[in-house]
Amino acid sequence: MDKTDLKECPICKSETFIKTHFSNKSKNLSTCPTCLAIFQNPRFIESGYGDVNLESNEFLKKKTFYGDLEGGPNPEWIRTFYKNFAVRLKSLCNTQGNAKKKALDIGCAVGMLLEIWGNLEFEPYGIETSRFTAEKAKKHGEVFIGELEQYNPPHQFDVITITSVLEHMAFPLQTIKKMIALLKEGGVLGIEIPVNEIKRIRLQNLFIEDINLPEGHIFFFNRLNIQKMLSYLEGVNIYVDYFGIISNKECRHAFVRESVLNKFLIKTVISILDLVPFTEKMLGLEFFARIIIKKPTSSSRQRFLSNTEGPINVSL
């Protein structure tokens, strides 16, 4: 395991940030007072992380998303959940041309979203660091094995998705800019990231010593640092909403959706749970942000997304 000390903020490049000792066993964290980013520092790099074999990794096998392996426990609802997200992104995409539209899923794992995009009549492409999962994903589309930074396709994409991956990236803002560059004009980028992890774990550490940070997470997002990070983007339209999931051993159910609870209620729920140390963990609650970024066409450069739903709009 390699260790890297950062000398500047990975988001805003500020050389002034506050180091925080998280716990005796966990990685240290730093907070940037300029952009409010919270990130690992020193940064620990797991050697061979991208070649993890899910069949021999009990931790990852238990995660619902990776249950898509043959005979795995992946419930049908999660396919419907991500299919609805893909349908929403498709409806916002207004790229030009008669050729078959192309969709890229970054961190495609075993290819669930590739299969969904294929069923929606897109030409599916994926990027995956794990050779094991990439080989399984290839039955659903063309898959590049490696990092996004190494990916230089001969064409742009109509839609790009990246779900529960950005928090693992060393430079998330650069990653977003790279994805925008891969989009055609009128194309749409859909991002999903966990939020509020760090507040819950800090409160739990008041009562339970040395709770570890989530496996492999480098950045820890909340509503404030998401909005600040997105403010560094130019020439795009941005929309953000939040939702929650209840987890248990058998299945996961989306209990907060943008069409169900209004802006005030969802903010209230998240704020209350932030203040109660064990509530999220006991109930199996997880909160996520979904960010939709649209690359305008030359004729609609200043037009904000008009046909989306959700509790929180961020027009930058």
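A residue counts as buried when its relative accessible area is under 20%. By that cut-off, 53% of the 316 residues of this chain are buried. The model is a predicted one. Its chain holds 9 helices and 13 strands.

**The chain overall**

- The chain exposes about 15300 Å². Carbon and sulfur atoms supply 51% of that area.
- Take the contacts between residues at least 6 apart in sequence: 69% of them join residues at least 24 apart.

**The nonpolar cores**

- The largest nonpolar core has 46 residues. Ile176, Leu189, Ile191 and Ile293 touch the most other members.
- Several elements give two or more residues to this core. Among them are the strands β6 (102-106), β7 (123-128), β9 (157-163), β10 (183-195), β11 (237-247) and β13 (285-294). The helices α5 (172-181) and α7 (223-230) are also on that list.
- Strand β10 gives the most to this core, with 5 residues.
- A second core, separate from this one, has 21 residues. Cys93, Ala103, Phe122 and Val188 are included in it.
- Isoleucine 293 has a long list of contacts, leaving out residues up to four places away in sequence. The list includes Ile176, Ile180, Leu183, Gly187, Val188, Leu189 and Ile191. It also includes Leu230, Leu233, Val236, Asn237 and Ile238.

**Strand β6, covered on both sides**

- In β6, 5 of the 5 residues are buried, so the strand is largely enclosed by the rest of the structure.
- In a regular strand, side chains alternate between the two faces of the sheet.
- Lys102, Leu104 and Ile106 lie on one side of β6. Ala103 and Asp105 lie on the other. Both faces are covered, and these residues are all buried.
- β6 pairs with β7 in the parallel sense, over 5 bridges. Within that pairing, alanine 103 has proline 124 of β7 as its bridge partner.

**The three-strand sheet**

- An open sheet is formed by 3 strands in the order β2-β3-β4, with antiparallel pairing.
- Which strands stand at the edges? They are β2 (18-20) and β4 (38-40). Each has a single partner strand, so one side of each is left without a neighbour in the sheet.
- From one strand to the next, the twist averages 30 degrees.
- β3 (residues 29-31) and β4 pair in the antiparallel sense over 3 bridges. Serine 30 stands opposite phenylalanine 39 in β4.

**Salt bridges**

- The count of salt bridges comes to 6. Three of them are described below.
- Glutamate 135 and lysine 138 meet through their side chains, at 3.2 Å from N to O. Glutamate 135 is partly exposed, at 43% relative accessibility. Lysine 138 is partly exposed too, at 38%.
- Aspartate 158 and lysine 184 form another salt bridge, at 3.4 Å from N to O. Aspartate 158 is in strand β9 and lysine 184 is in strand β10, so the pair ties together parts 26 residues apart in sequence.
- Are the two ends of that bridge buried or partly exposed? Aspartate 158 has 1% relative accessibility, so it counts as buried. Lysine 184 has a relative accessible area of 22%, so it counts as partly exposed.
- Arginine 290 forms a salt bridge with glutamate 192, and their closest N and O atoms are 2.9 Å apart. This pair links distant parts of the chain, with arginine 290 in strand β13 and glutamate 192 in strand β10, 98 residues apart. Both residues are buried.

**Helix α3 and what follows**

- Helix α3 spans residues 112-119. Its buried residues are Met112, Leu113, Leu114, Ile116 and Trp117.
- Just after α3, glutamate 121 takes a positive phi of about 70 degrees.

**After strand β13**

- Threonine 297 lies in the segment after β13. Its relative accessible area is 10%, so it counts as buried.
- What does threonine 297 contact, leaving aside its neighbours within four places in sequence? It is in contact with Asn94, Glu185 and Gly186.

Methods:
Residues numbered from 1 in each chain as written. Predicted model: local features only at pLDDT ≥ 70, side-chain atom pairs only at ≥ 80, totals over all residues. Heavy atoms only, no water. Core = buried A, V, L, I, M, F, W, Y, C linked by side-chain atoms within 4.5 Å. Buried < 20%, exposed > 50% of the residue type's maximum accessible area, 1.4 Å probe, protein only. Helix = DSSP H or I, 4+ residues; strand = E, 2+ residues; numbered from the N terminus. Contact = heavy atoms within 4.5 Å. Salt bridge = Lys/Arg side-chain N within 4 Å of Asp/Glu carboxyl O. Pairing = 2+ DSSP bridges. Axes fitted to C-alpha atoms, helices over the stretch in contact; angles between N-to-C directions. Areas by Shrake-Rupley, 256 points an atom, 1.4 Å probe, with all protein chains shown as cover.
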